[in-house]
Amino acid sequence: KFKINKYLIDDIENKDHPSDFVVTKDYSILILRLPYIKYLRDEEEEVNVVSYAFLIKDDKVYLYDREKKEFNELGGFDELHHFLDVRVDKILAKITKLHMEIAKIEDDLYEDDIDFNFSSIWLRLKKELTLIERLMGHSLIAFEGFKKYYKDKLDEFAYKDLEEHINRSFRFSKSAIEKLNYLYEFFKAKQDEKINNIMFILTILSAIFLPPTLITGFFGMNTGGLPLVNDANGTLKALALIVIFEVPFIIFIWKLMKK
């Protein structure tokens, strides 16, 4: 219908093609690969990807229908603005929810109330935000090229506002990823601290029981000539020997811990 270049047709039909803006002699092609917020059960949401391909010719905008494999008229530049504005606003709303979720995780970490599923929650947030950041970054570059090329035919205020929303989505998702990375480092430090405390306690316990272990091991040898073997009070004397060795050892450890 529009006599589109066969290489451009491949790009248009490829739903995984990154966002791009291409100008030809007779028309231009704007491909925007954007995050799509899919609503699930129990108010849950999932971030998917959807690719929109627009053909602009004679100030008319046509949207590509992937099922029918044809372009349908969307309208003018005002209709294109409305189409994109609704979708970008939903992306911004999703990023705001993710920021609120990250803020709750941060508060829990500061209060040492770490969720048992922290790792899985962190991974989900990182995956969604990384996807949004990558898609919005590429979309911003393509949209800037489109806006610059058609600047004399667009509603300057409306499209400038839309560009700012796309840019904000990119910046907010990027800042959220940086906050997530910081929280993971903080979480890791807290976990390392707990492990170090456990290892410290185990080390102290091992040190405390070192003298009794040595003495009982000595008297437990199956060799002849051991002292106190034939002594009726041998066990009590062995216990007294353990106490004599243990008390100064505990005092030494206590002073070491105070330092």
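This text follows the charged side chains of the structure, from paired charges to a patch of like charge. The model is predicted. Side chains of opposite charge can pair when their charged atoms come close. The structure contains 14 salt bridges, and three of these pairs are described in turn below.

The opening example joins Asp-16 to Arg-33, with 3.4 Å between the closest N and O atoms. Asp-16 belongs to the loop between α1 (6-13) and β1 (20-23), while Arg-33 belongs to strand β2 (residues 28-39), so this contact ties together parts that lie 17 residues apart in sequence. Arg-33 has a relative accessible area of 17%. Because buried means under 20% relative accessible area, Arg-33 counts as buried.

A second salt bridge is formed by Lys-97 and Glu-45, whose closest N and O atoms are 2.7 Å apart. This pair links distant parts of the chain, for Lys-97 sits in helix α2 (residues 77-110) and Glu-45 in strand β3 (residues 45-57), 52 residues apart. The two partners can also be described by their exposure. Lys-97 is partly exposed, its relative accessible area being 45%, whereas Glu-45 is buried, with a value of 16%.

Both of these residues also take part in a network of salt bridges, in which Glu-45, Lys-94, Lys-97, Glu-101, Arg-124 and Glu-128 are linked. The contact between Lys-97 and Glu-45 may thus be viewed together with the other members of this network, among them Arg-124 and Glu-128.

A further salt bridge brings together the side chains of Lys-153 and Asp-59, at a distance of 3.1 Å from N to O. Here too distant parts of the chain are linked: Lys-153 is in the loop between α3 (118-149) and α4 (156-208), and Asp-59 is in the loop between β3 and β4 (60-65), 94 residues apart. Lys-153 is partly exposed, with a relative accessible area of 48%. Asp-59 is likewise partly exposed, and its relative accessible area is 35%.

The account now turns from paired charges to a gathering of like charge. On the surface, Asp-78, Glu-79, Asp-155 and Glu-156 form a patch of negative charge. One of these residues, Glu-79, is located in helix α2, the helix that also holds Lys-97. Glu-79 is partly exposed, with a relative accessible area of 39%. Residues of such a patch must have over 30% relative accessible area and no salt bridge, and the value of 39% for Glu-79 lies over that cut-off.

How values were computed
Residues are numbered from 1 along each chain as its sequence is written. This is a predicted model: local features need pLDDT of at least 70, side-chain atom pairs count only at pLDDT 80 or more; totals for chains, interfaces and linings use all residues. Side-chain values use heavy atoms; hydrogens and water are left out. A salt bridge is a side-chain nitrogen of Lys or Arg within 4 Å of a carboxyl oxygen of Asp or Glu. Helices (H or I, at least four residues) and strands (E, at least two) are DSSP runs, numbered from the N terminus. Buried means under 20% relative accessible area, exposed over 50%, partly exposed in between (1.4 Å probe, protein chains only). Patches are made of residues with over 30% relative accessible area and no salt bridge: like charges are joined within 9 Å, nonpolar side chains (Val, Leu, Ile, Met, Phe, Trp, Tyr) within 5 Å. Accessible areas come from the Shrake-Rupley method with a 1.4 Å probe; for residues, only the protein chains shown count as cover. Lys and Arg count as positive and Asp and Glu as negative; His and the chain ends are not counted. The place of a charge is taken as NZ of Lys, CZ of Arg, CG of Asp or CD of Glu.
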